[in-house]
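Okay, everyone, thanks for coming. Let me put the structure up and then walk you through a few spots.

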Amino acid sequence: MPQHIMLASSSKLGTTFTGKITLFNMLMCNPEMTSNKSNVRLRYCSCNFSAPQKIKVPWWALSLLSLSKRVHSIFVLRLFNDCLATTLLHAALVSIICQKWHLGLVIFSGAVSIKMNVLLYAPPLLLLMVKAMDIVGVISALAGAALVQRSSYKFVVHMIVIGLPFVLSHPASYISKAFDLGRVFIHFWSVNFKFVPEEIFVSKAFALSLLVAHLSLLLIFAHYRWCRHEGGLFAVVHSKIIQLKLRVARRDPSPTNRVLQTDHIVTTMFVGNFIGIICARSLHYQFYSWYFYSLPYLLWKAPFITLLRLLLFAAVEFCWNVFPSNSYSSILLLCVHLIILGGLWISSPEYPYVGKTTDKSSSEKKAR
């Protein structure tokens, strides 16, 4: 079946690799399609246990992914590390969709080691892991990801030895500057909040308000959308605590793994990242690659008419190509983002699970 793969190669001086492949195994024709042959199923991989998907994206909509001037610049001309991090993130997502959770977490950890923006996917990913696996499975998957970070220990030791004189003489200054989590981006380069006055933009109050908004939106979507069919976020956490107690008491030692729907995995991951994009204090031009490839899926997930979807996509592309950004382009970008988020909120949440499960209790209920 045809697959959409975007290649972006570069011979840029100083790089150690000659090409980059952004994997998008998104396009798979529906063999049962009869009435509407122009539509295709948007999927990231083909798994034997996958249930029929509900979200359809027309094939021509995926061609929009190859038309972005800004993304061509990011991947081909600039070759920022955002590109490689995004590529690995997509590879991790493919593995997770195919229920290869441990492999997916290892690849995800590699993406984080390249660019920490990948951590925007961490909250929805953790939620999906909790829903799909028991506590032991979650811990083992996280441990595998941690080993990837630890595999570069020789490099870390080498850097510690080099920085040791500075650590001993001025430890507080060295640590604060080496890991400057409170770093403020330059207002001039902001694409999304250029309309905010600079004195407010650099203030801690503005950063704190965005952080609160980010966490609040994640909790709201997790409780009312991503965990709706389980009774809410707290119901999911409570059920896992009960499972852990039963396993510790050896009353139910069997694992309780469940297979998640492809749509549910992709929606949860992409929407979680998109919320982080909206609440980011500053988006630079290369940050467009963080969510550009998810735009067609998000737009067709929202219950919009096709014309509105195209207009929203064009508006996002327009805003990212205004250089330097101005108040009008940043306001427009924020408004478009909020419209898309609103559409995602009112869309019907998909049922998260495939019928197949390894849960004993579920099998017993079916038998009854």
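Leucine 67 is exposed, with a relative accessible area of 60%. For that word, exposed means over 50% relative accessible area, buried means under 20%, and partly exposed is in between, with a 1.4 Å probe and protein chains only. Leucine 67 sits in the loop between helix H1 (59-62) and H2. Helices here are DSSP runs of H or I with at least four residues, strands are runs of E with at least two, and the numbering goes from the N terminus. Which residue should you look for across from leucine 67, 250 residues apart along the chain? That's glutamate 317, with a C-alpha separation of 9.5 Å.

A quick word on what we're looking at: this is a predicted model, where local features need pLDDT of at least 70, side-chain atom pairs count only at pLDDT 80 or more, and totals for chains, interfaces and linings use all residues. Residues are numbered from 1 along each chain as its sequence is written, and side-chain values use heavy atoms, with hydrogens and water left out.

Okay, the overall picture. The protein chain has 16 helices and seven strands. Of its 368 residues, 48% are buried. Now take contacts, meaning heavy atoms within 4.5 Å. Among those between residues at least 6 apart in sequence, 71% join residues at least 24 apart. As for the surface, the chain exposes about 19,300 Å², and carbon and sulfur atoms supply 67% of that; these areas come from the Shrake-Rupley method with a 1.4 Å probe, and for residues only the protein chains shown count as cover.

Back to H2, which covers residues 69-78. At its start, a side-chain oxygen of serine 68 comes within 3.1 Å of the backbone nitrogen of valine 71. Inside the helix, Arg70, Val71, Ser73, Ile74 and Phe75 are buried. After H2 comes leucine 79, and its phi is positive, near 55°.

Next, helix H3 and what follows. Leucine 93 is in H3, and at 2% relative accessibility it counts as buried. What sits 7.9 Å from leucine 93, C-alpha to C-alpha? Valine 266 does, and the two are 173 residues apart in sequence. There's another pair like that to look at: cysteine 98 and threonine 262 are 164 residues apart along the chain, with their C-alpha atoms 8.5 Å apart. Threonine 262 belongs to helix H12 (residues 262-278) and is buried, at 4% relative accessibility.

Then there's glutamine 99, in the loop between helix H3 (81-97) and H4. Its phi is near 65°, a positive value in a residue other than glycine. Glutamine 99 is buried too, with a relative accessible area of 18%.

On to lysine 115. You'll find it in the loop between helix H4 (101-114) and helix H5 (122-132). Is lysine 115 buried or exposed? Buried, with a relative accessible area of 18%. Leaving out residues up to four places away in sequence, lysine 115 touches Asn81, Asp82, Ala85, Phe287 and Trp290.

H5 itself is mostly covered, with eight of its eleven residues buried. Those are Pro124, Leu125, Leu127, Leu128, Met129, Val130, Lys131 and Ala132.

Last stop, a helix pair and the loop before one of them. Proline 324 is in the loop between helix H14 (306-321) and H15, and a cis peptide bond, with omega about -10°, joins phenylalanine 323 to proline 324.

So how do people describe packed helices? By the angle between their axes and the distance between the axes. Here, helix H10 (residues 204-226) and helix H15 (residues 327-346) pack at about 25°, with axes 11 Å apart. The axes are lines fitted to C-alpha atoms, for helices over the stretch in contact, and the angles run from 0 to 180 degrees between N-to-C directions. That makes H10 roughly parallel to H15, a label for angles under 35 degrees.

Who meets whom there? From H10 it's Leu217, Ile220, Phe221, Tyr224 and Arg225, and from H15 it's Leu341, Leu344, Trp345 and Ile346. Those residues divide into eight nonpolar, no polar and one charged. In that count, Ala, Val, Leu, Ile, Met, Phe, Trp, Tyr, Cys and Pro are nonpolar, Asp, Glu, Lys and Arg are charged, and the others, Gly among them, are polar.

Definitions and conventions: Parallel < 35°, antiparallel > 145°, perpendicular 65-115°, else oblique. Polar contact = N/O pair within 3.5 Å; in protein donor to acceptor, adjacent residues only side chain to side chain.
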